[in-house]
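Subject: Structure for your files, with notes

Hello,

Here is the structure I said I would pass on. Please look it over before reading the notes below it.

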Amino acid sequence: MDVNKQVIRYTDWYGDGTTGESPTSQQWQSILGRADDKPVTLINFFKLREVADYGDGKSDLTGEQAFAKYAEVSIPTMERVGGRFLFVGPHQGSFLGNNEDWDLIAIGTYPDLKAFKELYADEGYRKVFHHRSAACADQKVIVCGE
């Protein structure tokens, strides 16, 4: 499938990225335009909310609890498509450069772009992604790889 059609599909599923809860079209274009046979590694930085925000003002979950709901599905789905985590743990500060305020760092890797796309195309994953959005006050994802 053409990269532009893929970008449209993923933005239909996840939103246009203007709120920072999902990638923008340009960010999708950048990652989906990579070579199909090269590994993809993502360094995720998460700042969790005290109370999860589902947009209705009625959440009784903490950000941590909402993120756990997301992780219940996202971790096994990632592993099923061939991905794995290299590290998941609390942020403890910076050694060099500016300090940033994050709660959790997760470094995940995929053997190739196909595995990455399978995760984001998975219906079960798409159904729980809103828990990630509700959980996070802020997030940053850095793409690494060949």
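The notes below go through the salt bridges, the cysteines, the largest pocket, a surface patch and a few single residues. Please keep in mind that this is a predicted model.

Salt bridges

The count of salt bridges comes to seven. Three of the pairs are described here.

Asp101 forms a salt bridge with Lys47, and the closest N and O atoms are 3.2 Å apart. This pair joins distant parts of the chain: Asp101 sits in the loop between strand 2 and strand 3 (104-110), while Lys47 is in strand 1 (residues 40-48), 54 residues apart. Asp101 is exposed, at a relative accessible area of 55%. Lys47 has a relative accessible area of 22% and is partly exposed.

Lys47 also has a salt bridge with Asp103, where the closest N and O atoms are 3.3 Å apart. Asp103 lies in the loop between strand 2 and strand 3 and Lys47 in strand 1, so this pair ties together parts that are 56 residues apart in sequence. Asp103 is partly exposed, with 29% relative accessibility. Taken together, Lys47, Asp101 and Asp103 are linked in a network of salt bridges.

The third pair is Asp122 and Arg80, whose side chains meet in a salt bridge at 2.5 Å, N to O. Again the pair links distant parts of the chain, with Asp122 in the loop between helix 4 and helix 5 and Arg80 in helix 3 (residues 63-80), 42 residues apart. Which partner is buried and which is exposed? Asp122 counts as buried, at 17% relative accessibility, whereas Arg80 counts as exposed, at 54%.

Cysteines

The disulfide count is zero. Cys136 is in no disulfide, and the nearest cysteine sulfur, in Cys144, is 19 Å away. Why is there no bond from the sulfur of Cys144 to that of Cys136? The two sulfur atoms are 19 Å apart, which is too far for a bond, because a disulfide requires the sulfur atoms to be within 2.5 Å. As for their surroundings, Cys136 is buried, with a relative accessible area of 3%. Cys144 is partly exposed, with a relative accessible area of 27%.

Largest pocket

The largest pocket holds about 380 Å³ of space. It is lined by 17 residues, and the closest to its centre are Ser22, Pro23, Gln27, Arg132 and Val141. Which helices and strands supply at least two residues each to the lining? They are helix 2 (25-32), helix 4 (113-121), helix 5 (123-135) and strand 4 (136-145).

Surface patch

A nonpolar patch on the surface is formed by Ile75, Phe85 and Val88, and their accessible area together is about 220 Å². Val88 belongs to strand 2 (residues 84-90).

Single residues

Two residues of helix 4 were looked at separately. Lys117 is found in helix 4 and is buried, with a relative accessible area of 18%. That value counts as buried because the cut-off is under 20%. The C-alpha atom of Lys117 is separated by 16 Å from that of Thr24, and the two residues are 93 apart along the chain.

Glu118 is also in helix 4. Glu118 is partly exposed, with a relative accessible area of 33%. From Glu118 to Gly83 the distance is 10.0 Å, C-alpha to C-alpha, with their positions 35 residues apart in sequence.

Phe67 is in helix 3, the helix that also holds Arg80. Phe67 is buried, with a relative accessible area of 11%. The C-alpha atoms of Phe67 and Asp37 are separated by 31 Å, and the residues are 30 apart along the chain.

That is the end of the notes.

Regards

Note on methods
Residues numbered from 1 in each chain as written. Predicted model: local features only at pLDDT ≥ 70, side-chain atom pairs only at ≥ 80, totals over all residues. Heavy atoms only, no water. Patch = residues over 30% accessible without salt bridge, like charges linked within 9 Å, V, L, I, M, F, W, Y side chains within 5 Å. Areas by Shrake-Rupley, 256 points an atom, 1.4 Å probe, with all protein chains shown as cover. Salt bridge = Lys/Arg side-chain N within 4 Å of Asp/Glu carboxyl O. Helix = DSSP H or I, 4+ residues; strand = E, 2+ residues; numbered from the N terminus. Buried < 20%, exposed > 50% of the residue type's maximum accessible area, 1.4 Å probe, protein only. 1 Å grid on protein atoms, 1.4 Å probe; cavity = no way out; pocket = protein on both sides within 12 Å on 5 of 7 lines; lining within 4 Å. Points joined across faces, edges and corners; volume = space filled by probe spheres on them.
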